[in-house]
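Here is a friendly walk through one protein model, meant to be read with the structure open beside you. Keep the viewer handy as the text moves from one spot to the next.

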Amino acid sequence: GCSSPFKLLRAERGHDGRCELPLLHTAGGLVGGDQLSISLELNAGSRALVTSVAAQKVYGSIGRSQLQPEGSWAQQRVDCRLAHGSDLEWLPQELVLYANALYEQQLQVELAPNASFLSAEIVRLGRTAAGETLAAGRWRSSLAIQRINNDPQTPSRWELVDRLELGGDGLNDLHGLHGQPGFGSLVWAAPTPLPPDQLAQVLAEARADREGLEGTMRCSALEEGLVARYAGPSSRDARFWF
């Protein structure tokens, strides 16, 4: 079920048998102080693709209010709980931060054994087609994926804990985005560990897929899956690679 400003559109059966759920944010964008909450729970053996209908806009907050000239943060929290053998793809459309926007997101994932999770996101830092940058704005992201085991002989473990902030000097620093307006991140928590030769092949094929695309693209292995990053000028190329 959904409550405003979210609306869940009609579910479809994908060509691979996966349940596809489009989520619509009816407000047309986020302003400082907005808070969104999404909770996704998959039963054992279920398979789902959850995506957003359109790009999410975050409007500028800094300097817009005499009461809060420093601006206020828009926030989104997504909690995912995946039962044994379930498979979730969380693939929202592009996030566009307008100049002086402040946006913080949290993605928490709890995976049962043999469950799998795939997430990919692309962030646009300023409306570059209009000559705009993020200016004094900031983007924060917290991602935590934990493999939950009820067997005391096999303790739970963290697959990935990833915290990022983009803004200020990091937008132009050589060890940050180096002036690039687009950033993307993909993570795959596999249902089971991949044999070393198979994982090496997956990484090699992912790196080969960068051919002809603009931007800097890197990928590496997790204990049970992989993570990939994009930094560059083209949201389209980031999407093609992912």
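Ser119 is in contact with Trp90, Leu91, Leu107, Ser185, Leu186 and Val187, leaving aside its neighbours within four places in sequence. This serine sits in strand β11, and please keep in mind that the whole model is predicted. Is Ser119 buried or exposed? With a relative accessibility of 7%, Ser119 is buried, because that value falls under the 20% cut-off.

**Strands around Ser119**

The strand that holds Ser119, β11, covers residues 116-125 and pairs with β14 in the antiparallel sense, over eight bridges. If you would like a landmark for this pairing, look at Phe117, whose bridge partner in β14 is Ala189.

β14 itself runs over residues 182-189 and is mostly covered, with seven of its eight residues buried. Which other strand pairs with β14? That is strand β16 (residues 225-232), again antiparallel and over eight bridges. Here a handy landmark is Leu186, which has Ala228 as its bridge partner in β16. Leu186 is also one of the residues in contact with Ser119.

**Asp79 and its neighbours**

Next, find Asp79 in strand β7, which spans residues 74-82. Asp79 has a relative accessible area of 18%, so it counts as buried. Once residues up to four places away in sequence are set aside, Asp79 touches Ile38, Ser39, Leu40 and Gln108. Three of these names will return below: Ile38, Ser39 and Leu40 are among the residues nearest the centre of the second largest pocket.

**Two pockets**

The table sets the two pockets side by side.

| Pocket | Volume | Lining residues | Lining by class |
|---|---|---|---|
| Largest pocket | about 560 Å³ | 40 residues | 21 nonpolar, 14 polar, five charged |
| Second largest pocket | about 450 Å³ | 22 residues | 13 nonpolar, seven polar, two charged |

To find the largest pocket on screen, select Gln76, Trp90, Pro92, Gln93 and Tyr103, the lining residues that lie nearest its centre. Trp90 is a name you have met already, as one of the contacts of Ser119.

For the second largest pocket, the residues nearest the centre are Gly1, Leu8, Ile38, Ser39 and Leu40. The elements giving two or more residues to this lining are β1 (6-8), β3 (19-25), β4 (35-42) and β5 (47-52). Which of them gives the most? It is β4, with eight residues.

**Cysteines**

How many disulfides does the structure hold? The count is zero. Why is Cys19 not bonded to Cys2? The sulfur of Cys2 is the closest cysteine sulfur to that of Cys19, yet the two are 13 Å apart, and a disulfide needs sulfur atoms within 2.5 Å, so the distance is too far for a bond. Cys80 is likewise in no disulfide, and the nearest cysteine sulfur, again that of Cys2, is 14 Å away.

If you are curious about how these cysteines sit relative to the surface, Cys19 has 31% relative accessibility and therefore counts as partly exposed. Cys80 has a relative accessible area of 1%, so this cysteine is buried.

Note on methods: Residues are numbered from 1 along each chain as its sequence is written. This is a predicted model: local features need pLDDT of at least 70, side-chain atom pairs count only at pLDDT 80 or more; totals for chains, interfaces and linings use all residues. Side-chain values use heavy atoms; hydrogens and water are left out. Buried means under 20% relative accessible area, exposed over 50%, partly exposed in between (1.4 Å probe, protein chains only). Helices (H or I, at least four residues) and strands (E, at least two) are DSSP runs, numbered from the N terminus. Two strands pair if DSSP finds at least two bridges between them. Contact means heavy atoms within 4.5 Å. On a 1 Å grid over the protein atoms alone, a cavity is a set of points where a 1.4 Å probe fits but cannot get out, and a pocket is an open set with protein on both sides within 12 Å along at least five of seven lines; lining residues have an atom within 4 Å of a point. Grid points are joined across faces, edges and corners, and a volume is the space filled by probe spheres set on the points. Ala, Val, Leu, Ile, Met, Phe, Trp, Tyr, Cys and Pro count as nonpolar, Asp, Glu, Lys and Arg as charged, and the others, Gly among them, as polar.
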